[in-house]
Amino acid sequence: MQPDPHEPLRRDIRRLGDILGGVLREQEGQDLFDAVERVRQLSKRARDGEKESLGELQRLLFAMPSAQAWRLARAFSSFLHLANVAEQYHRVRRRRHYQRNPQHAPQPGSIQESFARMRAQGVTPNALYEAVCGMQVELVLTAHPTEIARVTVLHKFRRIGELLEEQDRGDLTPLEWDGLSEALRREITALWHTDEVRSRKPSPQEEALGGLLVFEQTLWKVVPRFLRELDGALRHHTGQGLPLDCAPIRFCSWMGGDRDGNPTVTAEVTREICLQSRLMALTLYEGEINALADELSLSHCSPALRERVGETREPYRKLLLDVRSRLAETRRWLQALLKHESHPSDRTLRNAADLIEPLHLCYQALNDTGAGIVADGRLLDLLRRAVCFGLTLVRLDVRQEAARHRQALDEITRHLGIGAYAEMSEGDKQAFLIRELQGRRPLIPRDFAGSPEAREVLATFAMLAETHPESLGAYVISMAQTPSDVLAVLLLQREHSVQPALRVVPLFETMAALGGAGAILQALLSIPWYRDQLDGRQEVMIGYSDSAKESGRLAAAWAIYQAQEDVVATCARFAIEPVLFHGRGGSVSRGGGPTHLAIRSQPPGAVNGRLRITVQGEMVQAEFGTLGIAVRNLELYLSATLEASLLKPAPPEPKWRAQMERLAGASMNAYQAQIGTQPFVDYFRAVTPERELSSLNVGSRPAKRSADGGLESLRAIPWVFAWTQVRLILPTWLGVGEALQEALSGSQGEELQHMYRHWQFFQSTLDVIEMVLAKADPEIFALYNEVLVPQGLQPLGKALLARFQRTVGGMLTVAGHRELLEGNPVLKRSIQVRNPYVDPINLLQIELLRRLREGDDAAFTRTALLATMNGVAAGMRNTG
């Protein structure tokens, strides 16, 4: 009998739970420990079907004073966080298991498995090699307000994961085991005494600098390790290694550059973050150069290196010490720039090439003199880092809403007395913009003042002109609706002498914009001047959040699929290469889900060796917070992109498309008919903690696009957050049940099942919805409905629960499953383990919301509510 591969995970969770229990007893006393144990036992019995236990649990928690509720919520939340840490490390353990047993099949999605499968399907070694070397995947890290935990707490979670890894060693002595156990107790004790959530909203600078820590702590180490594995796989399958100047995966950021709806992100903030990122890069390079100088004590070198350094006993050290000196000079220059001073010298490192050149000279000299094995150690890793990170560590995108550019241009044209730009037709706007772009005279007069909003827009472009080009990525236009929205940004860049100009990326995010993406692109590419600026590529960003909030997950998924098809077809007509930028969120409602499957489910031609994709909020830490997980995720991004590029999926059959049109239409109609009524808005605000969300300091950006707006102005993130907290996760599945039942009642069941088995897009779309249905809990939601909702609105909640059950039935029929997650027993077990620990937190949240809304605004009541939000997010493995 084969050993259970997941028993070590269960052992870790039990061990962490036991340590947490000991900490609670030591730090808070026997009474809290006993209360936690009583609640845990009642919750487990309730999950086993004992209705009286659920009633007793509800009475116990609803009568609990807020101060004790806070401690209890924190105890259960802490366990869930520790279980998450254990699961994260178990993924590393499983990867190592596969690598230790090469005689068995490789891990699905790994580089080795992917390369072998592509070779078996006819991809030649040369085609595979060229595809890897030509690949350009860019992961864009964002600071959307979905990361609920503080950076300090995340550090402790990472340390606990490292201790679990150390305890897995098979050669530990009893003394070493005891030392690691003591270290775990120490970390969990410190965690218990650390505030879980922020006491105030972070500033954009704090958000960005916190986000940059993932580079310092993991990605700096992970990238060379990942590229070594990729190099080895390439040599094995193609006979050729990875070129020195090849970085198939790079990184970009929106942290400090995303000003859409966030007035706190100003030109000065973006400028500061660009400089701070460069300073962090210098710190990391200085450490590596010092270590390399210690290592390269060799005296024999090539003539080229000797000519550079002259007669010296240690030529490599002399060159590297000179590089260190130049890094120090560059640091002084950047620190002066932060103070709005400038003291550059001819020894300042201005760009990545200035750093790479001396490193490459050392590398070549070592190889020329028979010391190639030395060159392929720390020096090779440093060269690979320099190619991937440059001198800026990460490039920063700038994002702004199209309406802000229109407003600025309208104020300028009115000031000049040449009409109102905002009142021009789209054709007139395009003609005006092209005329100005092709002309030589400046448009913006020196005496133009403008409104504060217009001045900030123009200040941003002025800042971009002064910022080093290697610090910048793309200029993304949110809520782009017309070709003039793109031309306007090009003109504003020209007016401020931004050289080289940032590539301008329209973001299509509403259903209307997705449907018109092809037409907008057609109009743009029909302008000869515009095509000449593109350098053969057109980047387009596809937004997942707003379309799903507007029309539901199923309809939005189909609209996104078709928009990509339209973009690909339009670009092909003009012999332009499309680059798709996917704005996926962490939750399924906002485009989240298994990355490997999502990339491979894109339409034919949408992934052609080039891909940009956001990694949002809490997903940054989930994907890149630990070394082993980060390596695994990088290989998933790479292998999925390769497979989608080289093993292009067949286009869907016409009858499948027609069926998908019917499903999308039916689901959207059902979804919009529900959320578009005032009673539903009232119900949403009563049954969820949406009103209280503002007190949770999870991000610098406001939860609404406009302070006085209604449900339509609420951002997708808090919309999903609120429904996740109450365990219904309605945005993902609402409307899906009606669409499936309509098709099934029309004798189309066999066709739907055939589509599910043979069309990867359809299967992956339904699979992630099924996953959400499994995470939801209608019985817990029914308590929110019963306690928090006015009696007149409670029938609406009961109707939603009935629709939930119909959706489950439809999903099971189409997938051919007897129960949810039948094909994913590991995830099913994970949810079952969590539920008895999440349920009490939800019950406490219900009661605390009731108290707050009835006027109990005691400090502990609000603090306890925040603890429950943190705990539910940990248990659901997602916020928004």
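Which residue follows α22, and what is the sign of its phi? The residue is Ala575, and its phi is positive, near 55°. This is a predicted model, and the helix that comes before Ala575 makes a convenient place to begin a walk through it. Helix α22 covers residues 553-573, and its 21 residues, at 1.5 Å a residue, should span 30 Å; the C-alpha atoms at its two ends are 30 Å apart, which agrees with that expectation. Of the 21 residues of α22, 16 are buried, so the helix is largely enclosed by the rest of the structure.

From this helix we can turn to the nonpolar interior. In soluble globular proteins, nonpolar side chains tend to be buried together. Here the largest nonpolar core has 186 residues, and those with the most contacts inside it are Tyr530, Trp723, Leu728 and Phe762. Helix α4 gives the most to this core, with 13 residues. To see what surrounds one of these residues, take Tyr530, which, once its neighbours within four places in sequence are left aside, is in contact with Val486, Leu487, Leu490, Leu524, Leu525 and Gln538. There is also a second, separate core, made of 93 residues, which includes Phe115, Leu141, Ala233 and Leu282.

Aromatic rings offer another way to follow the structure, which holds 27 aromatic pairs. One of these pairs is formed by Phe76 and Tyr837, whose rings are tilted, with 6.0 Å from centre to centre and 50° between the planes. Because Phe76 lies in helix α4 (residues 66-100) and Tyr837 lies in helix α35 (residues 825-853), this pair ties together parts that are 761 residues apart in sequence. Both Phe76 and Tyr837 are buried. Trp733 and Phe804 form an edge-to-face pair, with 5.4 Å between the ring centres and 80° between the planes. Trp733 belongs to helix α29 (residues 730-733) and Phe804 to helix α34 (residues 794-815), so here the pair ties together parts that are 71 residues apart in sequence. Trp733 and Phe804 are both buried.

Aromatic residues can also gather in groups, as Phe215, Trp220, Phe251, Tyr285, Phe389 and Phe624 do in forming one aromatic cluster. Charged side chains may be placed over rings as well: Arg25 lies over the face of Phe33, at 3.8 Å from the ring centre, and Lys429 lies over the face of Tyr421, at 5.2 Å from the ring centre.

Helix α35, already met through Tyr837, is also the place of Gln845. Is Gln845 buried or exposed? With a relative accessible area of 0%, Gln845 is buried. Apart from its neighbours within four places in sequence, Gln845 is in contact with Pro689, Gln725, Tyr784, Leu865, Thr868, Met869 and Val872. The C-alpha atoms of Gln845 and Leu866 are 8.8 Å apart in space, while the two residues are 21 residues apart in sequence. Met869, one of the contacts of Gln845, has its place in helix α36 (residues 859-876), and at 0% relative accessibility Met869 also counts as buried. Met869 and Ala722 are 147 residues apart in sequence, yet their C-alpha atoms are 9.5 Å apart in space.

A loop can hold a buried residue too, and Thr348 is an example, being found in the loop between α12 (315-338) and α13 (352-368). Thr348 has a relative accessible area of 3%, and it is buried because that value is under the 20% cut-off. Not counting residues up to four places away in sequence, Thr348 touches Arg326, Glu329, Thr330, Trp333 and Asp354.

The last stop is the cysteines. A disulfide is a covalent bond between the sulfur atoms of two cysteines. How many disulfides does the structure hold? It holds zero, and two cysteines help to show how this comes about. The sulfur of Cys274 has its closest cysteine sulfur in Cys252, at 9.9 Å, which is too far for a bond, because a disulfide needs the two sulfur atoms within 2.5 Å. Cys388 is likewise in no disulfide, and the nearest cysteine sulfur, that of Cys246, is 11 Å away. Both of these unpaired cysteines lie inside: Cys274 is buried, with a relative accessible area of 6%, and Cys388 counts as buried at 8% relative accessibility.

Note on methods: Residues are numbered from 1 along each chain as its sequence is written. This is a predicted model: local features need pLDDT of at least 70, side-chain atom pairs count only at pLDDT 80 or more; totals for chains, interfaces and linings use all residues. Side-chain values use heavy atoms; hydrogens and water are left out. Buried means under 20% relative accessible area, exposed over 50%, partly exposed in between (1.4 Å probe, protein chains only). Helices (H or I, at least four residues) and strands (E, at least two) are DSSP runs, numbered from the N terminus. The expected span of a helix is 1.5 Å times one less than its number of residues. Rings of Phe, Tyr and Trp (its six-membered ring) pair if their centres lie within 6.5 Å; planes under 30 degrees apart count as stacked, over 60 as edge-to-face and the rest as tilted. A charge sits over a ring if NZ of Lys or CZ of Arg is within 6 Å of the ring centre and within 35 degrees of the ring normal. Contact means heavy atoms within 4.5 Å. A nonpolar core is a set of buried Ala, Val, Leu, Ile, Met, Phe, Trp, Tyr and Cys residues joined through side-chain atoms within 4.5 Å.
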